[in-house]
Amino acid sequence: MSKDKTPDADPKKGGKMKKMLMLGIGATALIGAGAGAGIYLGGGLSAHEAKPEDHYPKLVVRSVGEEAVAEGEGGGEGKEPALKVGTVSVPNDHFKVDPRKYEITYYPMTDAFTTNLADGSGFLQVGISLSTFYDGKVITNIKRQQVPIRSAVLMVLAEQDPALLSTSQGKQQLQRQLTAAINDVLRDKEGFGGIDNVYFTSLVIQ
């Protein structure tokens, strides 16, 4: 009496199943590798994104027959120190820049400033030009903040003593006061000053 033998599995089907499993594992590995590569590349790209301090002006190195090169402010040879504020590196523009190392740019304010003097004896009319050792971002900031800058300059001029302004010491003091006032406006509005000095292009006291 014979019994039918039922095979556990068809060898051909078994082979196909093994291939399918291997393909599935391979696809999963490829997907995982692709995801890992994406994360890696994403991290690499994010590492090259602009840092928060990149929008700050940079010192312009004085060139010798070559086009000037912009230098960063944070550490390294030929670079000025930076201040750390929280997690953002903010350039320190309060130090005095060495004029032998960096290019200087002059920006004349288009209109003269006219105001009454503090003692009411007359008026003062002044034309000024601003100097900076930083790149064009400072000039852009000045143009963008012309209204508060003009207001700050007029307030400083209105407080001047005409007798003091008649001396060279008084004029130099006014230069320092105007430089400080303009830098205060730029730091408040743009986060960075960058004005080295204020020069008189005209000065009339009447």
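# A walk from the aromatic cluster outward

Tyr 56, Tyr 134 and Phe 192 come together as one aromatic cluster, and that is a handy place to start looking around this predicted model. The count of aromatic pairs comes to 3. Take Tyr 56 and Phe 192: their ring centres sit 6.1 Å apart with the planes at 45°, so this pair is tilted. Tyr 56 belongs to the loop between α1 (11–47) and β1 (59–61), while Phe 192 belongs to the loop between α5 (168–190) and β8 (195–205), so the pair ties together parts that are 136 residues apart in sequence. Both of these residues are buried.

Now turn to the other partner of Phe 192. With Tyr 134, Phe 192 makes an edge-to-face pair, 4.9 Å from centre to centre and with 80° between the planes. This one also links distant parts of the chain, 58 residues apart: Tyr 134 comes from the loop between β7 and α2, and Phe 192 from the loop between α5 and β8. Tyr 134 is buried, just as Phe 192 is.

Step along to Asp 135, which is found in the loop between β7 (123–132) and α2 (136–144). What is the nearest side chain of opposite charge to Asp 135? It's Lys 137, at 4.9 Å. A salt bridge needs a nitrogen of Lys or Arg within 4 Å of a carboxyl oxygen, and Asp 135 is indeed buried with no salt bridge. Setting aside neighbours within four places in sequence, Asp 135 is in contact with Pro 57, Lys 58 and Val 60.

Let's zoom out for a moment. The protein has 5 helices and 8 strands, and from the N terminus on, the elements run α-β-β-β-β-β-β-β-α-α-α-α-β. Of its 206 residues, 31% count as buried. If you look at contacts with a separation of 6 or more, 64% of them are between residues 24 or more positions apart.

Next, the nonpolar interior. The largest nonpolar core has 32 residues, and Ile 128, Ile 142 and Ile 182 touch the most other members. Elements giving two or more residues to this core are β7, α2, α3 (146–158), α5 and β8. The largest share, 6 residues, comes from α5. To see what surrounds Ile 128, leave out its neighbours within four places in sequence: the contacts then include Pro 108, Met 109, Phe 113, Val 153, Leu 178 and Ile 182. Val 198, Tyr 199, Phe 200 and Thr 201 are also among the contacts of Ile 128.

Leu 157, in helix α3, is another residue to pick out. Is Leu 157 buried or exposed? Its relative accessibility is 0%, so Leu 157 counts as buried. Not counting residues up to four places away in sequence, Leu 157 touches Phe 113, Thr 115, Leu 124, Val 126, Leu 174 and Leu 178. For Leu 157 and Leu 178, 21 residues apart along the chain, the C-alpha atoms are separated by 8.4 Å. Phe 113 turns up among the contacts of Ile 128 and among those of Leu 157. There's a charge on the face of that ring too: Arg 150 lies over Phe 113, at 4.1 Å from the ring centre.

That leaves the salt bridges. How many does a search of the whole structure find? There are 3. One joins Glu 190 and Arg 144, whose closest N and O atoms are 2.8 Å apart. Glu 190 lies in helix α5 and Arg 144 in helix α2, so this bridge ties together parts that are 46 residues apart in sequence. Glu 190 counts as buried because its relative accessibility, 18%, falls under the 20% cut-off.

Asp 184 and Arg 187 make another bridge, with the closest N and O atoms 3.7 Å apart. These two sit 3 residues apart in helix α5, so about one helical turn separates them. Asp 184 is partly exposed at 47% relative accessibility, and Arg 187 is partly exposed too, at 24%.

Finally, the side chains of Arg 100 and Asp 98 meet in a salt bridge at 3.1 Å, N to O. Arg 100 has a relative accessible area of 66%, so it counts as exposed, whereas Asp 98 is partly exposed at 22%.

Technical notes. Residues are numbered from 1 along each chain as its sequence is written. This is a predicted model: local features need pLDDT of at least 70, side-chain atom pairs count only at pLDDT 80 or more; totals for chains, interfaces and linings use all residues. Side-chain values use heavy atoms; hydrogens and water are left out. Helices (H or I, at least four residues) and strands (E, at least two) are DSSP runs, numbered from the N terminus. Buried means under 20% relative accessible area, exposed over 50%, partly exposed in between (1.4 Å probe, protein chains only). Lys and Arg count as positive and Asp and Glu as negative; His and the chain ends are not counted. Contact means heavy atoms within 4.5 Å. Rings of Phe, Tyr and Trp (its six-membered ring) pair if their centres lie within 6.5 Å; planes under 30 degrees apart count as stacked, over 60 as edge-to-face and the rest as tilted. A charge sits over a ring if NZ of Lys or CZ of Arg is within 6 Å of the ring centre and within 35 degrees of the ring normal. A nonpolar core is a set of buried Ala, Val, Leu, Ile, Met, Phe, Trp, Tyr and Cys residues joined through side-chain atoms within 4.5 Å.
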